[in-house]
Amino acid sequence: MADFDKTDAEILDHLQRDGRLSNAKLAEQLSLSETPCWRRVKRLEEQGVIEGYQVMLNRRKLGFGVMAFVQLSFTRHSEESTAAFEKIIQASPNVLACHNTTGEADFLLQVVARDLDDYSRFVETVLRKLPFVSSIRSNLSLREMKASNRLPVVDMFSV
């Protein structure tokens, strides 16, 4: 992104902290006039840097007391099996994130559940039914010390 500068990074930083900021408030906080601020935000949206806006929810207050990190290993790899796996994972609301990884496991999932019984049902009805899975390893989170999806965009311009 050749035209990405420190002001763009500051816009992104502010919007990551509060996606509900009005253009007027954002422009004020950055000491910009409203029209150039709005243009920059629109450009960042059009370029796909800003993919959308969403609210952050407290999972525990909504009854999702279990957070699990699940490592899956497969016996066979093919385009068809990977596509089938991806379709199932995309459709599962309990899976917050899924990464194809290096190392011992092929995939790492971040999964939420209401309680251990709910998590057990998820393992039995979703994970154990996946084709070609040879190993399922679950690590339950005992305490969440940090949870963020904010990228350190302002640090890109630090020396």
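This report looks at the two largest pockets in a predicted model.

**The largest pocket**

Start with the big number: the largest pocket holds about 1,600 Å³ of space. Its lining runs to 41 residues, and the ones that sit nearest the centre are Gln 54, Val 55, Met 56, Ser 148 and Asn 149. As for secondary structure, helix H1 (6-17) and the strands E1 (66-74), E2 (95-100) and E3 (107-113) each put at least two residues into this lining. H1 is the top contributor here, with four residues.

**The second largest pocket**

Next comes the second largest pocket, with a volume of about 200 Å³. Two elements give two or more residues to its lining, namely helix H4 (79-91) and E2. H4 gives the most, with five residues. Want to find the spot in the structure? Look for Thr 82, Phe 85, Glu 86, Ile 89, Gln 90 and Ser 92, along with Val 95, Leu 96, Ala 97, Cys 98 and Phe 107, which line the second largest pocket.

E2 turns up in both places: E2 supplies at least two residues to the lining of the largest pocket, and E2 also gives two or more to that of the second largest.

**Lining by class**

Here is how the linings break down.

| Pocket | Volume | Nonpolar | Polar | Charged |
|---|---|---|---|---|
| Largest pocket | about 1,600 Å³ | 19 residues | 10 residues | 12 residues |
| Second largest pocket | about 200 Å³ | seven residues | three residues | one residue |

Notes:
Residues are numbered from 1 along each chain as its sequence is written. This is a predicted model: local features need pLDDT of at least 70, side-chain atom pairs count only at pLDDT 80 or more; totals for chains, interfaces and linings use all residues. Side-chain values use heavy atoms; hydrogens and water are left out. On a 1 Å grid over the protein atoms alone, a cavity is a set of points where a 1.4 Å probe fits but cannot get out, and a pocket is an open set with protein on both sides within 12 Å along at least five of seven lines; lining residues have an atom within 4 Å of a point. Grid points are joined across faces, edges and corners, and a volume is the space filled by probe spheres set on the points. Ala, Val, Leu, Ile, Met, Phe, Trp, Tyr, Cys and Pro count as nonpolar, Asp, Glu, Lys and Arg as charged, and the others, Gly among them, as polar.
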